[in-house]
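Colleague: I've got a model open and I'd like to learn how to read it feature by feature. Could you walk me through it?

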Amino acid sequence: MFSISKTYKILFVVNILILSTVYYIEYGMGVYACNLCKYQRIPYFLNLIMLTFLIFDKVKFLKFLYVLILSISINILISFYHVGIEQKIFSETEVCSIKKNTNNTSDLLKQLEKQGMSGCSKVTFRLFGLSLSTLNLLTNLSFLIVYAYILRNEQKQKNWRNYKSRSRW
């Protein structure tokens with residue numbers, strides 16, 4: 001049987017695994033992440049907070065499901081844009097460049113070296129032949145389907161409870 005609370009727990013663990021994996025790839029393996037890659041992580045943190053509330057009390061915090069869907073939608077847009085840059089559909093913007101104040105020539109040199117490998121169009125790591133942005137897009141599309149299913153199921157249950165309470169009179 002479909003258990004929404006178990007699904008929330010599974011989604012919570014999956015979000016943690018995704019964040020752990022990307023941080024390991026960046027810091028453990030030394031693969032540089034561009035700014036868009038880093039922006040794509042922000043919704044995952046929001047999702048973890050929302051899922052925590054939903055795990056503890058799904059009835060009281062059901063409106064957080066809408067926030068989850070909005071967060072996933074924003075992440076889909078960022079991922080789509082990033083994949084578009086990687087595929088040369090969109091051109092890179094200032095979001096993809098590093099902007100730091102440099103006080104000396106060695107800092108400037110380090111910034112230029114990083115900028116050479118940090119462009120959003122450069123795919124420096126692939127998993128299953130796909131860039132991490134493409135995997136993020138596919139993952140978030142899957143999440144959106146799951147959350148939409150949960151929302152539809154919750155609305156059906158709410159309508160059924162309302163119907164039963166009215167039919168008792």
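Modeller: Sure, let's begin with exposure: a residue is called exposed when its relative accessible area is over 50%, and buried when that area is under 20%. Keep in mind that this is a predicted model.

Colleague: Okay, let's try that on Lys88. What is its relative accessible area, and is it buried or exposed?

Modeller: The relative accessible area of Lys88 is 60%, so Lys88 is exposed. You'll find Lys88 in the loop between helix 4 and helix 5 (105-117).

Colleague: And what about phi? How do I read the backbone there?

Modeller: The general idea is that most residues other than glycine have a negative phi. Lys88 goes the other way: its phi is near 65 degrees, a positive value in a residue other than glycine. That positive phi comes just after helix 4.

Colleague: Where does Phe128 lie, and what is its phi?

Modeller: Phe128 sits in the loop between strand 1 (126-127) and strand 2 (130-131). Its phi is near 60 degrees, again a positive value in a residue other than glycine. With a relative accessible area of 73%, Phe128 is exposed.

Colleague: Let me zoom out. How many helices and strands does the chain have?

Modeller: The chain has six helices and two strands. Reading from the N terminus, the order is α-α-α-α-α-β-β-α. As for burial, 34% of the 169 residues in the chain are buried.

Colleague: What about contacts along the sequence? What share of them join residues at least 24 apart?

Modeller: Take the contacts between residues at least 6 apart in sequence: 73% of those join residues at least 24 apart.

Colleague: Now the helices. How do I check a helix's length?

Modeller: You compare the distance between its end C-alpha atoms with the span expected at 1.5 Å a residue. For the 15 residues of helix 3 the expected span is 21 Å, and the end C-alpha atoms are 22 Å apart, which agrees. Helix 4 has 23 residues and reaches 33 Å from its first C-alpha to its last, close to the expected 33 Å.

Colleague: How do helix 3 and helix 4 sit relative to each other? At what angle do their axes cross?

Modeller: For a pair like that, look at the approach of the axes, then the angle. The axes of helix 3 (residues 42-56) and helix 4 (residues 64-86) come within 9 Å and cross at roughly 165 degrees. An angle over 145 degrees counts as roughly antiparallel, so helix 3 is roughly antiparallel to helix 4. The crossing is left-handed.

Colleague: Which residues make the contact?

Modeller: From helix 3 they are Pro43, Tyr44, Leu46, Asn47, Met50, Leu51, Phe53 and Leu54, and from helix 4 Phe64, Leu65, Val67, Leu68, Ser71, Ile72 and Asn75. By class, that contact has 12 nonpolar, three polar and no charged residues.

Colleague: And on the helix 1 side?

Modeller: The axes of helix 1 and helix 3 also come within 9 Å, crossing at roughly 155 degrees. The two helices are therefore roughly antiparallel to each other, and helix 1 passes helix 3 in a left-handed crossing. Helix 1 contributes Tyr8, Lys9, Leu11, Phe12, Asn15, Ile16, Ile18, Leu19 and Tyr23, while helix 3 brings Tyr44, Phe45, Asn47, Leu48, Leu51, Thr52, Leu54 and Ile55. That contact divides into 13 nonpolar, three polar and one charged residues.

Colleague: Which residues of helix 3 are buried?

Modeller: Those are Pro43, Tyr44, Asn47, Leu48, Met50, Leu51 and Leu54. Leu46 is in helix 3 too, but at 33% relative accessibility Leu46 counts as partly exposed. Leaving aside neighbours within four places in sequence, Leu46 is in contact with Val67 and Ser71. Leu46 and Ile72 are 26 residues apart in sequence and 9.7 Å apart in space, C-alpha to C-alpha.

Colleague: One last loop residue: is Ala33 buried or exposed?

Modeller: Ala33 is buried, with a relative accessible area of 5%. Ala33 lies in the loop between helix 1 (4-28) and helix 2 (35-39). Not counting residues up to four places away in sequence, Ala33 touches Glu26, Lys38 and Arg41. Across the sequence, Ala33 and Gly119 are 86 residues apart, yet their C-alpha atoms are 9.0 Å apart in space.

Notes
Residues numbered from 1 in each chain as written. Predicted model: local features only at pLDDT ≥ 70, side-chain atom pairs only at ≥ 80, totals over all residues. Heavy atoms only, no water. Axes fitted to C-alpha atoms, helices over the stretch in contact; angles between N-to-C directions. Helix = DSSP H or I, 4+ residues; strand = E, 2+ residues; numbered from the N terminus. Parallel < 35°, antiparallel > 145°, perpendicular 65-115°, else oblique. Left-handed = near helix turned anticlockwise from the far one by under 90°. Contact = heavy atoms within 4.5 Å. Nonpolar A, V, L, I, M, F, W, Y, C, P; charged D, E, K, R; others polar. Buried < 20%, exposed > 50% of the residue type's maximum accessible area, 1.4 Å probe, protein only. Expected span 1.5 Å × (residues − 1).
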